[in-house]
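Good morning, colleagues. Today I would like to take you through the empty space in one protein model, and I ask you to keep the structure in view as I speak.

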Amino acid sequence: MNSILILFAHPKFEQSRTNKALVRRIESVEGLTFHDLYERYPDFHIDISYEKELLAGHDIVIWHHPMYWYSCPPLLKQWIDLVLEYGWAYGPKGTALKAKKCLNVITTGGTRALYCAEGRNHYSVNEFLRPFEQTARLCGMEYLPPFAVMGTHELTDAELERETCKYEKTIRLLQQGGSSSDLKACDLLNDVPDLN
Ligand SMILES: Cc1cc2nc3c(=O)[nH]c(=O)nc-3n(C[C@H](O)[C@H](O)[C@H](O)COP(=O)(O)O)c2cc1C
């Protein structure tokens, strides 16, 4: 079974609705390490050795965060800047993350219909996440499509419940090692037939 590390970043988790529901659903799944970066590092002083140890001990790395200004909250960017060091994560001798899998789990205020060439946001979430995709690639990791809960402001309680259920199924599928080509055939993991 693949071990999963969730690096969670939400600056206002106490006011969250969507991520609170998602996190509540998956944080105690066996074989999964849930790591809340804002809780652990409210002062932004990241323990780099500890983070490297955590990474080394897991097969799949998930960057889970709300989309903020088409990107991630600042502490996750800080984490990427400080932890993914040259000579460790990338560069000629930087092979620590090689062959691990990596993906983003995001929530967006905008609906899926707004994230396309004709929509107000012009680009898909996959396109906005390119810097994460390429960061993972540079570190030799295999980047999988994101799992995205979109249109958060309009979600009914029942719809949110369905999304949280799908998130748990996604986690379990990743643990079991779902075929990468099946997973990569979809723009979002939400669309994987096994989950629907
Ligand atoms: C500072 C800030 C920036 C945001 N930027 C975006 C954005 O670029 N695109 C988007 O769709 N939603 C954006 N949102 C909306 C959040 O993504 C949305 O409120 C969040 O995903 C809902 O999850 P939560 O209930 O767990 O907070 C932004 C919200 C905040 C506070």
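**Pocket and cavity**

The lining of the largest pocket comprises 12 polar residues, six nonpolar and two charged. Please bear in mind throughout that this is a predicted model.

Let me stay with that pocket. Its space amounts to about 390 Å³. Which residues lie closest to its centre? Of the 20 that line the largest pocket, they are Met67, Thr108, Gly109, Thr152 and His153. As for secondary structure, two or more lining residues come from each of helix H1 (18–26) and strand S4 (101–108).

I turn now to enclosed space. How many cavities of 30 Å³ or more does the structure hold? There is one, and the largest cavity contains about 30 Å³ of space. Around the largest cavity we find Asn2, Ile60, Lys101 and Leu144, together with Leu174, Gly177, Gly178 and Leu183. By class, that lining divides into four nonpolar residues, three polar and one charged. For comparison, the lining of the largest pocket has six nonpolar residues and two charged.

Finally, the annotation. In UniProt, an unreviewed entry lists residues 3–169 under "domain: Flavodoxin-like fold". Over residues 3–169, helix accounts for 35% of the chain and strand for 19%. The C-alpha atoms at the two ends of that stretch are 15 Å apart.

To close, I would leave two items on the screen: the pocket of about 390 Å³, and the cavity lined by residues including Asn2 and Leu183. Thank you for your attention.

Technical notes: Residues numbered from 1 in each chain as written. Predicted model: local features only at pLDDT ≥ 70, side-chain atom pairs only at ≥ 80, totals over all residues. Heavy atoms only, no water. UniProt positions renumbered as here; feature names shortened; annotations may be inferred. Helix = DSSP H or I, 4+ residues; strand = E, 2+ residues; numbered from the N terminus. 1 Å grid on protein atoms, 1.4 Å probe; cavity = no way out; pocket = protein on both sides within 12 Å on 5 of 7 lines; lining within 4 Å. Points joined across faces, edges and corners; volume = space filled by probe spheres on them. Nonpolar A, V, L, I, M, F, W, Y, C, P; charged D, E, K, R; others polar.
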